[in-house]
Amino acid sequence: MISFRSYSVYFSMPKLQQVFPVKKPVIGMVHIQYRRGIELQKLIDSTLHDMEALQNCGIDGLIFENWGLEYSSPNVKKDESSYLCKVIDVARRKARVPYGI
């Protein structure tokens, strides 16, 4: 996944201002707390809860992060990436602000 830090190199200020209506946007980090063996619905519920809390506080954007994955190799396991894709697919439909991954 592309983090905001590496992606921000391609975001010039005029483009940033097109995405966000404010001069200095506040972007909230949504931690997708994946752990091996966790049920998908629990992961979705936890992510949506955090996302709603951030949006209700008036943030300008969201960034989704795969928090809690232990990287012991450069390869992400298929079940991990599958869960993350499913969670983000559900969460993006409930996002009321711009978001990134």
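## Close-up views of the predicted model

**Asp 89 and Arg 93 stand 4 residues apart in helix H4, and are therefore separated by about one helical turn.** Helices (H or I, at least four residues) and strands (E, at least two) are DSSP runs, numbered from the N terminus. The model is predicted: local features need pLDDT of at least 70, side-chain atom pairs count only at pLDDT 80 or more, and totals for chains, interfaces and linings use all residues. Residues are numbered from 1 along each chain as its sequence is written, and side-chain values use heavy atoms, with hydrogens and water left out. A salt bridge, meaning a side-chain nitrogen of Lys or Arg within 4 Å of a carboxyl oxygen of Asp or Glu, connects Asp 89 with Arg 93, whose closest N and O atoms are 3.1 Å apart. Through salt bridges that share partners, Asp 89, Arg 92 and Arg 93 form one network. In the salt bridge between Asp 89 and Arg 92, the N to O distance is 3.0 Å. Asp 89 and Arg 92 are 3 residues apart in helix H4, so about one helical turn separates them as well. Accessibility is sorted into buried (under 20% relative accessible area), exposed (over 50%) and partly exposed (in between), using a 1.4 Å probe and protein chains only. Asp 89 is partly exposed at 28%, Arg 92 is partly exposed at 37%, and Arg 93 is exposed at 59%.

**A salt bridge brings together the side chains of Arg 96 and Glu 52.** Their N to O distance is 3.1 Å. This pair links distant parts of the chain, with the two residues 44 apart: Glu 52 belongs to helix H3 (residues 40-56), while Arg 96 lies in the loop between helix H4 (78-94) and strand E3 (99-100). Glu 52 is partly exposed, having a relative accessibility of 28%. The structure holds 3 salt bridges.

**Thr 47 is a buried residue, with a relative accessible area of 1%.** The place of this threonine is in helix H3. Contact means heavy atoms within 4.5 Å. Leaving aside residues up to four places away in sequence, Thr 47 touches Val 30, Ile 32, Phe 64, Val 87 and Ala 91. For the chain as a whole, 27% of the 101 residues count as buried.

**Three strands form an open sheet in the order E1-E2-E3, with parallel pairing.** Two strands pair if DSSP finds at least two bridges between them. Strand E1 (27-31) and E3 are the edge strands, each pairing on one side only. E1 and E2 run parallel and are joined by 5 bridges, and in this pairing His 31 stands opposite Glu 65 in E2. Strand E2 (residues 61-65) also runs parallel to E3, with 2 bridges between them. Ile 63 has Gly 100 in E3 as its bridge partner. Helix H3 packs on the sheet and touches E1 and E2, its direction making about 165° with that of E1. For such angles, axes are lines fitted to C-alpha atoms, for helices over the stretch in contact, and the angles run from 0 to 180 degrees between N-to-C directions.

**The side chains of strand E1 alternate between two faces.** In a regular strand, side chains alternate between the two faces of the sheet. Gly 28 and Val 30 point to one face and are buried, whereas Ile 27, Met 29 and His 31 point to the other and are not buried.

**Cys 57 and Cys 85 are viewed in terms of exposure.** Cys 57 is exposed, at 67% relative accessible area. Cys 85 is likewise exposed, at 52%. Where a disulfide is a pair of cysteine sulfur atoms within 2.5 Å, the count comes to 0 disulfides.

**Confidence varies among the elements of the chain, with helix H3 highest and helix H1 lowest in mean pLDDT.** The pLDDT is the predictor's confidence in each residue, from 0 to 100. Helix H1 (residues 4-7) has a mean of 44, and H3 a mean of 95. The stretch of residues 1-9 has pLDDT below 50, and in the model it makes 9 contacts beyond near neighbours in sequence. The chain averages 82, and 78% of its residues score at least 70. Its secondary structure comes to 4 helices and 3 strands, following the pattern α-α-β-α-β-α-β along the sequence.
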